[in-house]
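Reader: I have a sequence and its coordinates to look at. Can we go through the fold in short questions and answers?

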Amino acid sequence: MFRIIDKRGSGKTSRLMLIAKEYENTLFVCGNPKAMEQKAHAYGITGIEFISYYDFLDVNKWRGTERRNVVIDEIEPFIRHLNPCLDLIGYSISEDDL
């Protein structure tokens, strides 16, 4: 698993796009897929499937018969999308998941 933690404007999203491009069958989950696709094209990155937080939560919009890789751009807005009353103040991850 890749975790990209850095300052605003440091290229986190473009690095995440490159990871998504490297792995086949990856969904790039983000707040605004159309804008993100334009950003990717501006970087010269193509061939990524972008999907909104909303559509990602509607499994019927993307479910197939095969397993999918997923990257999520900006986890905090994604959590807020689940429930606007939630503020992510921390999370844990097991080392064996890395």
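Reader: Which residues make up the largest nonpolar core, and how many are there in all?
Author: This is a predicted model. The largest nonpolar core includes Leu16, Met17, Ile19, Ala20, Phe28 and Cys30. Met36, Ala40, Ile45, Ile48, Phe50 and Val71 also belong to it. In all, the residues number twelve.

Reader: Which element gives the largest share of this core?
Author: Two or more core residues come from each of α1 (12-22), β1 (26-30) and α2 (33-43). The largest share is four residues, and its source is α1.

Reader: How many residues are in the second, separate core?
Author: This core is separate from the one above. Among its members are Leu27, Val29, Ile51 and Tyr53. Its residue count is seven.

Reader: Which residues is Met36 in contact with, leaving aside neighbours within four places in sequence?
Author: Met36 is itself a member of the largest core. Its contacts include the core residues Met17, Phe28, Cys30 and Phe50. The rest of the list is Thr13 and Asp73. In full, the contacts are Thr13, Met17, Phe28, Cys30, Phe50 and Asp73.

Reader: What is the strand order of the open sheet?
Author: The sheet has three strands, with parallel pairing. β2 (49-52) and β3 (69-72) each have a single partner strand, so they stand at the edges. On average, neighbouring strands are turned by 30° against each other, direction ignored. The order is β2-β1-β3.

Reader: Which residue of β3 is the bridge partner of Val29?
Author: β1 and β3 pair in the parallel sense. Their pairing runs over four bridges. In β3, the partner of Val29 is Ile72.

Reader: What angle does the direction of α1 make with that of β1?
Author: α1 packs on the sheet. The helix touches β1, β2 and β3. Its direction and that of β1 make an angle of about 155°.

Reader: Is Ser14 buried or exposed?
Author: Ser14 is found in helix α1. Leaving aside neighbours within four places in sequence, Ser14 is in contact with Tyr43 and Ile45. The cut-off for buried is under 20% relative accessible area. Ser14 has 18%, so the residue is buried.

Reader: What separates the C-alpha atoms of Ser14 and Glu24 in space?
Author: Along the chain, Ser14 and Glu24 are ten residues apart. Their C-alpha separation is 17 Å.

Reader: Which residues does His81 touch, not counting those up to four places away in sequence?
Author: His81 lies in helix α4 (residues 75-82). With 33% relative accessibility, His81 counts as partly exposed. Tyr53 is 28 residues away in sequence, yet 7.1 Å away C-alpha to C-alpha. The residues touched are Tyr53, Tyr54 and Leu57.

Reader: Which residues do ring pairs link into a cluster?
Author: The count of aromatic pairs comes to four. Tyr53 is also a member of the second core. The cluster linked by ring pairs is Tyr53, Phe56 and Phe78.

Reader: How many disulfides does the structure hold?
Author: Take two cysteines. Cys30 is buried, at 0% relative accessibility. Cys85 is exposed, at 71%. The number of disulfides is zero.

Notes:
Residues are numbered from 1 along each chain as its sequence is written. This is a predicted model: local features need pLDDT of at least 70, side-chain atom pairs count only at pLDDT 80 or more; totals for chains, interfaces and linings use all residues. Side-chain values use heavy atoms; hydrogens and water are left out. Buried means under 20% relative accessible area, exposed over 50%, partly exposed in between (1.4 Å probe, protein chains only). Contact means heavy atoms within 4.5 Å. A nonpolar core is a set of buried Ala, Val, Leu, Ile, Met, Phe, Trp, Tyr and Cys residues joined through side-chain atoms within 4.5 Å. Two strands pair if DSSP finds at least two bridges between them. Axes are lines fitted to C-alpha atoms, for helices over the stretch in contact, and angles run from 0 to 180 degrees between N-to-C directions. Rings of Phe, Tyr and Trp (its six-membered ring) pair if their centres lie within 6.5 Å; planes under 30 degrees apart count as stacked, over 60 as edge-to-face and the rest as tilted. A disulfide is a pair of cysteine sulfur atoms within 2.5 Å.
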